[in-house]
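Open your viewer and keep the selection box handy. We will walk through one protein, stop by stop.

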Amino acid sequence: MKNIKYCPNCGQAVEKGAAFCQNCGASLNPPEKRASRTGRKKSKKQQRIIATVALAMLAFAGYYLWGSSQYSKDQQVDWIMAALVSPDEDATRYIVTDSATLAVNHENLAPLQKFYKEHQTAANRMGQNFKAGDNKYGDFRFVQSGHYAGTFSEIQAAGQDLSAGGGDQP
Ligand SMILES: [Zn+2]
């Protein structure tokens with residue numbers, strides 16, 4: 001009985017190993033075998049697509065990891081604070097104002113930077129405060145102002161009063 005198979009189409013007993021049913025002519029090859037052969041052809045194309053997508057995702061993941069550390073909050077706070085205590089440096093990239101009347105330019109910021117150069121502990125406190133997640137310190141607020149490289153949140157310090165010492169707490 002082991003050598004007897006039945007045609008899946010008509011139910012007639014057929015010889016094992018026969019390619020076609022002698023009664024109805026239906027193909028007796030297991031359909032999954034043929035399917036896997038065409039599947040293999042397909043999967044080569046699919047593999048190439050998957051590899052390309054995986055590579056793109058990997059590249060983006062790497063880029064995102066790099067950017068996340070390059071433009072991390074702590075890193076940006078360090079940039080802002082470094083600019084805040086350096087009167088010679090143009091800090092307009094890092095410091096904005098809520099005041100509608102005061103234009104933020106290098107000249108206007110220089111006295112503030114001079115103040116913080118002489119009061120670096122205040123600047124350090126402010127920086128630590130911001131890093132700890134408190135977005136307000138004295139007259140300064142930390143604001144998200146845009147994106148670096150179109151992807152990574154850009155942080156700026158917004159001051160209500162940018163006159164010298166405006167951000168210091170008594
Ligand atoms: Zn048959």
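The tour below starts with the whole chain, then moves through the annotated regions, the sheet, one helix and the core.

**Stop 1: the whole chain**

Keep in mind that this is a predicted model. Colour by secondary structure and you should find 4 helices and 6 strands. Going along the sequence, the elements come in the pattern β-β-α-α-β-α-α-β-β-β. The protein has 170 residues, and 19% of them are buried. Among contacts with a separation of 6 or more, 43% join residues 24 or more positions apart.

**Stop 2: two regions from the UniProt record**

Select residues 6-28. An unreviewed UniProt entry gives this stretch the feature "domain: Zinc-ribbon". The span is 17% strand and 0% helix, and its end C-alpha atoms lie 9 Å apart.

Now select residues 49-66, which the unreviewed UniProt entry lists as "transmembrane region". Here the picture is 100% helix and 0% strand, with 25 Å between the end C-alpha atoms.

**Stop 3: the sheet**

Next, show the strands β3, β6, β5 and β4, which form an open sheet in that order, with mixed pairing. Which strands sit at the edges? They are β3 (95-97) and β4, each of which pairs on one side only. Strands of a sheet pair through backbone hydrogen bonds, and the pairing can be parallel or antiparallel. For β3 and β6 the sense is parallel, over 3 bridges. To see one of the bridge partners, pick T97 and look across to G159 in β6.

**Stop 4: helix α4**

Select residues 120-131, the 12 residues of helix α4. At 1.5 Å a residue this helix should span 16 Å, and its end C-alpha atoms are indeed 16 Å apart, so the two values agree. Show side chains for A123, M126, G127 and F130, the buried residues of α4. Look down the axis of α4: these buried residues fall within an arc of 100°, so they line one face of the helix. The spacing fits a general rule: an α-helix has 3.6 residues a turn, so residues three or four places apart point the same way.

What does that face meet? The buried residues of α4 pack against α2 (73-84), α3 (106-118), β4 (136-137) and β5 (140-148).

Stay with M126, in helix α4. Is M126 buried or exposed? With 25 other C-beta atoms within 10 Å, M126 is buried, because the cut-off for that label is 20 or more. Try a distance label from M126 to V77: their C-alpha atoms are separated by 9.3 Å, although the residues are 49 apart along the chain.

Before leaving, step past the end of the helix to G133, which follows α4 and has a positive phi, near 105°.

**Stop 5: the largest nonpolar core**

Finally, select I80, M81, L84 and A157. The largest nonpolar core has 24 residues, and these four touch the most other members. Several elements contribute: α2, α3, α4, β5 and β6 (152-159) each supply at least two residues. The largest share, 5 residues, comes from α2.

Zoom in on L84 to end the tour. Leaving aside residues up to four places away in sequence, L84 touches A91, Q113, Y116 and A123. You have met A123 already, as one of the buried residues of α4.

Methods:
Residues are numbered from 1 along each chain as its sequence is written. This is a predicted model: local features need pLDDT of at least 70, side-chain atom pairs count only at pLDDT 80 or more; totals for chains, interfaces and linings use all residues. The expected span of a helix is 1.5 Å times one less than its number of residues. A residue is buried if 20 or more other C-beta atoms lie within 10 Å of its own, exposed if 12 or fewer, and partly exposed in between; C-beta atoms are placed from the backbone. The arc is that of the directions from the helix axis to the C-beta atoms. Two residues are in contact if their C-beta atoms, placed from the backbone, lie within 7 Å. UniProt positions are given in the numbering used here, feature names are shortened, and annotations may be inferred rather than shown by experiment. A nonpolar core is a set of buried Ala, Val, Leu, Ile, Met, Phe, Trp, Tyr and Cys residues joined through C-beta atoms within 7 Å. Two strands pair if DSSP finds at least two bridges between them.
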